[in-house]
Amino acid sequence: MQLTLSIIKPDAVRKNVIGQIYQRFEQSGLRIVAAKMLHLSQAQAEAFYGVHKERPFFNDLVKFMISGPVMIQVLAGTDAIKKHRDIMGATNPKDAAPGTIRADFANSIDENAVHGSDSEETARQEIEFFFKPTDILLRD
Ligand code: CMP
């Protein structure tokens, strides 16, 4: 059993496809064990993506992530981090395999519909960023 953090980004929330993306999670065997909708502040977005602050795309990324509400969830399951990244598809939707979330719902590398933790350590940090341990409701 592993936990990972998922964010449905402002572009996908605007397209009204939260439910379709949740269906992909559930069909792949992942469970949603915590969830909240937030409109991130600039400070929250900058802190969450702090690892990218020297990258040329950082300012645009922050601006996009605060352009509307996001849906944030903790997903649980066997090998959840990899499973989630597999169903998300490549960061750039142009490279994403057919049938993946980004191939089906993303417009560009900047507006790429979803975010997912990329390692166990990142997953721990990212989950902690948004949720208290008591927010996570594990079950059979
Ligand atoms: P995400 O998985 O949320 O992590 C950082 C985000 O930065 C990434 O998805 C992309 O949406 C965005 N981004 C924009 N340009 C790039 C790039 N050249 N390489 C990686 N990520 C990028």
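## Asp79 and Asn16: positive phi in two loops

Asp79 counts as partly exposed, at 44% relative accessibility. In this predicted model, the residue sits in the loop that runs between strand 3 (70–77) and helix 5 (80–88). Its phi is near 55°, a positive value in a residue other than glycine. That is worth a second look, since most residues other than glycine have a negative phi.

Asn16 invites a similar look. Its phi, near 65°, is also positive, and Asn16 is likewise a residue other than glycine. Asn16 belongs to the loop between helix 1 and helix 2 (18–27). Is Asn16 buried or exposed? With a relative accessible area of 69%, Asn16 is exposed.

## Salt bridges

How many salt bridges does the structure hold? There are three. Let us begin with Asp104 and Arg24, whose closest N and O atoms are 2.8 Å apart. Because Asp104 lies in helix 6 (residues 101–105) and Arg24 in helix 2, this pair ties together parts that are 80 residues apart in sequence. Asp104 is partly exposed at 40% relative accessibility, and Arg24 is partly exposed too, with a relative accessible area of 22%.

Asp86 and Lys82 form another salt bridge, again with 2.8 Å between the closest N and O atoms. These two residues are four apart in helix 5, so about one helical turn separates them. Asp86 counts as partly exposed at 43% relative accessibility, as does Lys82 at 47%. Further along the chain, the side chains of Lys132 and Asp135 meet in a salt bridge with an N to O distance of 3.8 Å. Here Lys132 counts as exposed, at 52% relative accessibility, while Asp135 counts as partly exposed, at 26%.

## Thr100, beside two of the salt-bridge residues

Thr100 is a good residue to visit next. It lies in the loop between helix 5 and helix 6 and is buried, with a relative accessible area of 7%. A polar atom of the Thr100 side chain is 2.6 Å from the backbone oxygen of Ala97.

Which residues does Thr100 touch, not counting those up to four places away in sequence? They are Arg24, Asp86, Ile87, Met88 and Gly89. Two of these names are already familiar: Arg24 is in the salt bridge with Asp104, and Asp86 is in the salt bridge with Lys82.

## Helix 1: Asp11 and Ala12

Asp11 lies in helix 1 (residues 10–14). This residue is buried yet has no salt bridge. Why does Lys15 not count as a partner for Asp11? Lys15 is the nearest side chain of opposite charge and is 4.9 Å away, whereas a salt bridge is defined by a nitrogen within 4 Å of a carboxyl oxygen. Asp11 does have a polar neighbour in the backbone: the nitrogen of Ala113 lies 3.0 Å from a polar atom of the Asp11 side chain. Leaving aside neighbours within four places in sequence, Asp11 is in contact with Phe64, Glu111, Asn112 and Ala113.

Ala12 is found in helix 1 as well, and at 0% relative accessibility it counts as buried. Setting aside residues up to four places away in sequence, Ala12 touches Val17, Ile21 and Ala113. Ala113 is thus a link between the two residues, being in contact with Asp11 and with Ala12. Ala12 can also be placed relative to Arg102: the two are 90 residues apart in sequence, with 9.8 Å between their C-alpha atoms.

## Around the ligand

Which residues surround the ligand? The list runs Lys9, Tyr49, His52, Arg55, Phe57, Leu61, Thr91, Arg102, Ile109, Asp110, Asn112 and His115. Two of them have appeared already: Asn112 as a contact of Asp11, and Arg102 in the C-alpha distance to Ala12.

Polar side-chain atoms from several of these residues approach ligand oxygen atoms. For Tyr49 the distance to a ligand oxygen is 2.5 Å, and for Lys9 it is 2.7 Å. In Asn112, an N or O atom of the side chain is 3.2 Å from an oxygen atom of the ligand. Taken alone the ligand exposes 460 Å², and the protein buries 79% of that area.

Key:
Residues numbered from 1 in each chain as written. Predicted model: local features only at pLDDT ≥ 70, side-chain atom pairs only at ≥ 80, totals over all residues. Heavy atoms only, no water. Buried < 20%, exposed > 50% of the residue type's maximum accessible area, 1.4 Å probe, protein only. Lys, Arg positive; Asp, Glu negative; His and termini not counted. Polar contact = N/O pair within 3.5 Å; in protein donor to acceptor, adjacent residues only side chain to side chain. Contact = heavy atoms within 4.5 Å. Near = heavy atom within 4 Å. Areas by Shrake-Rupley, 256 points an atom, 1.4 Å probe, with all protein chains shown as cover.
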